Amino acid sequence: METNGIENKNNGLENDRYLQFLLQGGDLLKVRSSSWKKTRYFRLMEDCKTMFRESKRAFKTSKTFLVDEISAVRMGRQSDGLRKNTEENVESRCFSIMFKGRRKNLDLIASSEDEARQWVDSLQKILSSLNNLSTQAKTEHWIFSCLRKSDKNKDDKLSLSELKNFMHMINIEVDDDYAEMLFEKCDKSNSGYLAGEEIKHFYDLLTHREEIDVIYGEYAKTSGFMSPQNLVDFLKKEQREDATLADAHNIIQKHEPDENAKEKKLLSKDGFLMYMHHPEALVLNPDHREVYQDMDQPLNHYFISSSHNTYLMEDQLQGPSSTEAYVRALLKGCRCVELDCWDGSEGEPEIYHGYTLTSKILFKDAIKAIKEYAFKTSDYPVILSLENHCSVEQQEVMAHHMSSILGSALVTSPLGDGMPKCFPSPEELKGKFLIKGKRLNKLEATFAPDNTEDDEEDVTEEEESDDEDQDQEKKKEKKKLKLAKALSDMVVYCKSVHFHGFEDARQHLSFYEMSSFKENKALELAAESANAYIHHNVEKLSRIYPAGSRTNSSNYSPVPLWSAGCQVVALNFQTTCTDMDVNQGRFLINGKSGYVLKPAYMRDPASEFDPVTLTRGDWLQHKTLHIMVISGQQLPKLSKKKSSIVDPLVRVEVYGVPDDNAEEKTSAIDNNGFNPEWNENMEFNVHVPELALVRFTVEDHDSATSNEFVGQYTVPFNSLRM
């Protein structure tokens, strides 16, 4: 950290050619449609965190977005927009900026291939630099950029009004008296402004952490520092970790910024803070970040991260369909994606939401995107859930595209020799695609000596056409569908069938025959016949999908359905909401593989477990969860209220079996998003820890309207560290 005035070395990037290129910026052609292509000037702002763009009109309009909001930068015509709205001859000059959440891509064309490459390389470089910063470095980076912005006249000095402006910028509201007191405390030279060491002193006062002082002071027993033994004591007593002296030496080596202290094998308060801010000290058990579960169980013994109408970017009625939606879901760890297939023009099947105004994409483009991104986040199998409304001719085209694009990764016959008795495991299916859809016959028939069936036959198409609120047109269409043999033969382990009750399924259905349940029907079964549902799911797969009335792509809670053993609980991945947060929390663990092993009592054919009645059994492992919410740092301002300061509170919720559902919240701290302190205790009783999740939410309290969401973190109960 520099002491002479308001300077910062931008995380060692200052002299970096990539950074210099972005700071200088340049003109790019922004593409919205085949007719809308306009020049925009883009550059990185001085805080090295914000991208600025300006139009070239007489009345210039400018917009900004955070580098942190970018999920990926892709070279070439990889987005739907660029493929549709540009010619192949500009391929090498094109690139796209993809964003997190629902924000639309930025499709851009540079003036040359070299320039496009330079933009892509530079943006990727700064993205990885920001991602690799420690929390502490990010804090310093941010505070210094705010200090620079506050120094209106750029004289490397802070006047009292500039200081007040700075406090507001970093989301802390102080009265004038307090600001003046801070100012006078730091203005040692009585010059009426802060410069050099005085700004450093002001920064230290501002970032002083009372709660860290207290805990550090308690264990720093070696001439004001923590020795390795002091650190082990802290890790054992406070963090309840099974730590050794070797662990303590590693922490000091890795996190101590003062070389003198490091040489003496001591941990300073700064080093301690660096460690406390590091992902190593996260509440998530580090062993659970990698694949740690047994992946050799049958596929239906796992909860599987699943998406509904995956092709949609927004709502269910008139929003855009896009291959980008498949990419986003797969990168989030989704392992079951849905494709609604309809006859398209020129013999090419299309994907869209039937009987609505959603836009259309080509089936083959979706399969190509899925092939490219299926195994970037997880190596474990992807299920393609087909809702097939196509003619036999276009079904043949679908089968051809899947066969030619997915190649040997597509499972088209059972693994091993002879008729299987149960599902293969995720481990055996690594890197493979499974097709879920209709089939002309039983799988057993393929092993019969007289296996001769017609090339096409009538089957009833169910899936999501089962909505009561469907129109007459859907009802007519639903009756009969001719099925092409080539497509039917690709359905091996996930044959779609109607559900006629648990007893009927037990007697007549094979393990690979699976039903789809609308959310209301599934929730009713989970509430009234949970144990029967669990037994059904010990042998078979169940897929749940949102009610047709959720036209805005809202979601339902997956928790009661997991508690009934349902594996494929499909949500609208494009919608950010509590239910989606909880879903991502469930699949945060096990290497974000998209597969989480169900508890043993949900894999046992004789299981007596019922999440509603909770009779005695192995599942009852009563735990008391004690939480003390101590403090927060640098909570962001909410874009809707740029002028106001956050009044933060923390809400803690437990999701699980009905008896375990609970929530508590802290009081709200007025006007302090910078360093609020709560020091409040909470207690929760958890009876079935294997099915419980804990969600921490920060909200901006508003007495007039509902609180605004600031941020959240959801983690399975059994993956919490003490």
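Which residue of β6 does Ile70 stand opposite? In the predicted model described here, Ile70 stands opposite Phe99 in β6. Residues are numbered from 1 along each chain as its sequence is written, and side-chain values rest on heavy atoms, with hydrogens and water left out. Because the model is predicted, local features require a pLDDT of at least 70 and side-chain atom pairs count only at pLDDT 80 or more, whereas totals for chains, interfaces and linings use all residues.

The protein chain has a mean pLDDT of 88, and 90% of its residues reach 70 or more; pLDDT is the predictor's confidence in each residue, from 0 to 100. Over residues 1-15 the pLDDT stays under 50, and the model has 40 contacts beyond four places in sequence for this stretch, a contact being defined by heavy atoms within 4.5 Å. The pLDDT is also below 50 over residues 465-473, a stretch with 17 contacts in the model beyond near neighbours in sequence. Where pLDDT is low, the predicted coordinates should not be read in detail.

The protein chain contains 22 helices and 28 strands; helices (H or I, at least four residues) and strands (E, at least two) are DSSP runs numbered from the N terminus. Of the 722 residues in the protein chain, 53% are buried. Here, buried means under 20% relative accessible area, exposed over 50%, and partly exposed in between (1.4 Å probe, protein chains only). Among contacts in the protein chain between residues at least 6 apart in sequence, 67% join residues at least 24 apart.

An open sheet is formed by seven strands in the order β4-β3-β2-β1-β7-β6-β5, with antiparallel pairing; two strands pair if DSSP finds at least two bridges between them. The edges are occupied by β4 (62-66) and β5 (70-75), each with a single partner strand, so one side of each is left without a neighbour in the sheet. From one strand to the next, the twist averages 30°; axes are lines fitted to C-alpha atoms, for helices over the stretch in contact, and angles run from 0 to 180 degrees between N-to-C directions. Strand β5 is mostly covered, with five of its six residues buried, and five bridges join β5 to the antiparallel strand β6 (residues 94-99). Strands β1 (residues 26-31) and β7 (residues 106-109) pair in the antiparallel sense over two bridges, and Leu108 in β7 is the bridge partner of Lys30.

Within the same sheet, strand β2 (residues 37-44) holds Tyr41. Tyr41 has a relative accessible area of 21% and is therefore partly exposed. Although eleven residues separate Tyr41 from Phe52 in sequence, their C-alpha atoms lie 8.0 Å apart in space. Leaving aside neighbours within four places in sequence, the contacts of Tyr41 include Gly26, Asp27, Phe52 and Arg53.

A further open sheet comprises four strands in the order β25-β24-β27-β28, again with antiparallel pairing. Strands β25 (662-665) and β28 (708-716) stand at the edges with a single partner strand each, so one side of each is left without a neighbour in the sheet. Neighbouring strands of this sheet are turned by 15° against each other on average, direction ignored. Eight bridges connect β24 (residues 648-655) with β27 (residues 693-700) in the antiparallel sense, and Leu649 stands opposite Glu699 in β27. Helix α22 packs on the sheet and touches β24, β27 and β28, its direction making about 30° with that of β28.

Helix α22 (residues 578-586) includes Arg586. Arg586 is buried yet has no salt bridge, and the nearest side chain of opposite charge, Glu690, is 9.2 Å away. For this assignment, Lys and Arg count as positive and Asp and Glu as negative, while His and the chain ends are not counted; a salt bridge is a side-chain nitrogen of Lys or Arg within 4 Å of a carboxyl oxygen of Asp or Glu. Beyond its neighbours within four places in sequence, Arg586 is in contact with Phe303, Trp562, Val596, Glu690, Leu691, Leu693 and Pro716.

Positive phi values were found at two asparagines. Asn590, in the loop between α22 and β22 (595-597), has a phi near 55° and counts as buried because its relative accessibility is 0%. Asn679, located in strand β26 (residues 677-686), has a phi of about 50°; its relative accessibility is 37%, so Asn679 counts as partly exposed.
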